[in-house]
Amino acid sequence: MTTAETATRSVVVERELPFPPEKIWRALTQPHLIAEWLMKNEFKPETGHHFRLEADWGSIDCEVRTVEPNRALSYTWDAYDLRSVVTWTLTPMESGTHLRMEQTGFKPDQPRFYGGAKAGWPQFIDKLEAVLERLD
């Protein structure tokens with residue numbers, strides 16, 4: 001195999017948010033809040049926890065891989081033929097938090113999944129911001 005055949009692509013979305021990492025962490029890890037900006041779920045911020053994200057079009061099987069409260073969270077994102085990992089990184093800033101979301105693992109023969117993620121994640125993060133704005 002050549003490197004091109006085995007190479008994968010990633011989708012990265014970064015935002016500077018005027019909220020502390022603790023507030024963003026709540027929205028990334030509390031199931032009722034995740035349901036408001038992403039999908040229905042039974043998420044628990046525990047390494048090894050298996051959960052599903054449920055949407056009208058189907059579901060995504062996930063497993064929590066990394067939990068560093070208020071700093072980093074990652075989980076697998078397996079749907080159809082896509083085997084990927086979503087990683088959230090929260091970096092405190094004077095004006096709030098730098099939020100970085102990266103989904104890795106898109107194979108070259110998966111342009112539909114890659115395109116969907118490139119279009120979908122900015123919309124999900126817009127909804128996340130709306131949840132954060134009204135959250136106490």
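This short presentation describes the overall build of one protein, its internal spaces and several individual residues.

Good morning, colleagues. Please keep in mind throughout that the structure before you is a predicted model.

Let me begin with the overall build. The protein contains four helices and seven strands. Following the chain from its start, the order of these elements is α-β-α-α-β-β-β-β-β-β-α. The C-alpha trace extends over about 50 × 30 × 25 Å along the principal axes. For 136 residues, a compact globule is expected to have a radius of gyration near 14 Å, and the protein, at 15 Å, agrees with that expectation.

How much of the protein is buried? Of the 136 residues, 43% fall into the buried class. The accessible surface amounts to about 7,500 Å², and carbon and sulfur atoms account for 49% of that surface. As for the contacts, if we take those between residues at least 6 apart in sequence, 48% of them connect residues at least 24 apart.

One helix deserves separate mention here. Helix α2, residues 21-29, is mostly covered, with seven of its nine residues buried. The buried residues of α2 are Pro21, Lys23, Ile24, Trp25, Ala27, Leu28 and Thr29. I would ask you to remember Leu28, as this residue returns in the next part.

I turn now to the enclosed space. The structure has one cavity of 30 Å³ or more, and the largest cavity holds about 40 Å³ of space. Which residues line the largest cavity? They are Leu28, Ile34, Trp37, Leu38, Phe43, Phe51, Leu53 and Tyr75. Leu28 therefore appears both among the buried residues of α2 and in this lining, the burial resting on a relative accessible area under 20%. Two elements, α3 (31-37) and β3 (50-55), each contribute at least two residues to the lining of the largest cavity. In terms of class, this lining consists of eight nonpolar residues, with no polar and no charged ones.

The open space comes next. The largest pocket has a volume of about 380 Å³. Its lining comprises 18 residues, and those nearest the centre of the pocket are Trp57, Ile60, Trp77, Gly116 and Ala117. At least two lining residues come from each of β5 (72-79), β7 (96-106) and α4 (111-134). Which element gives the most to this lining? That element is α4, with seven residues. Sorted by class, the lining of the largest pocket has 14 nonpolar, three polar and one charged residues.

Finally, I should like to point out three residues in loops. Asp81 sits in the loop between β5 and β6 (82-93). Is Asp81 buried or exposed? Its relative accessibility is 60%, so Asp81 counts as exposed. Apart from its neighbours within four places in sequence, Asp81 makes contact with Gln110 and Phe113. Its C-alpha atom lies 9.8 Å from that of Lys107, a residue 26 places away along the chain.

Tyr80 is also placed in the loop between β5 and β6. Although Tyr80 is not a glycine, its phi is positive, at about 55°. Asn70 likewise has a positive phi, near 65°, and is a residue other than glycine. Asn70 belongs to the loop between β4 (58-68) and β5. With a relative accessibility of 23%, Asn70 counts as partly exposed, since the buried class requires a value under 20%.

Thank you for your attention.

Definitions and conventions
Residues are numbered from 1 along each chain as its sequence is written. This is a predicted model: local features need pLDDT of at least 70, side-chain atom pairs count only at pLDDT 80 or more; totals for chains, interfaces and linings use all residues. Side-chain values use heavy atoms; hydrogens and water are left out. On a 1 Å grid over the protein atoms alone, a cavity is a set of points where a 1.4 Å probe fits but cannot get out, and a pocket is an open set with protein on both sides within 12 Å along at least five of seven lines; lining residues have an atom within 4 Å of a point. Grid points are joined across faces, edges and corners, and a volume is the space filled by probe spheres set on the points. Ala, Val, Leu, Ile, Met, Phe, Trp, Tyr, Cys and Pro count as nonpolar, Asp, Glu, Lys and Arg as charged, and the others, Gly among them, as polar. The radius of gyration is taken over C-alpha atoms; the globule rule is 2.2 Å times the number of residues to the power 0.38. Buried means under 20% relative accessible area, exposed over 50%, partly exposed in between (1.4 Å probe, protein chains only). Contact means heavy atoms within 4.5 Å. Accessible areas come from the Shrake-Rupley method with a 1.4 Å probe; for residues, only the protein chains shown count as cover.
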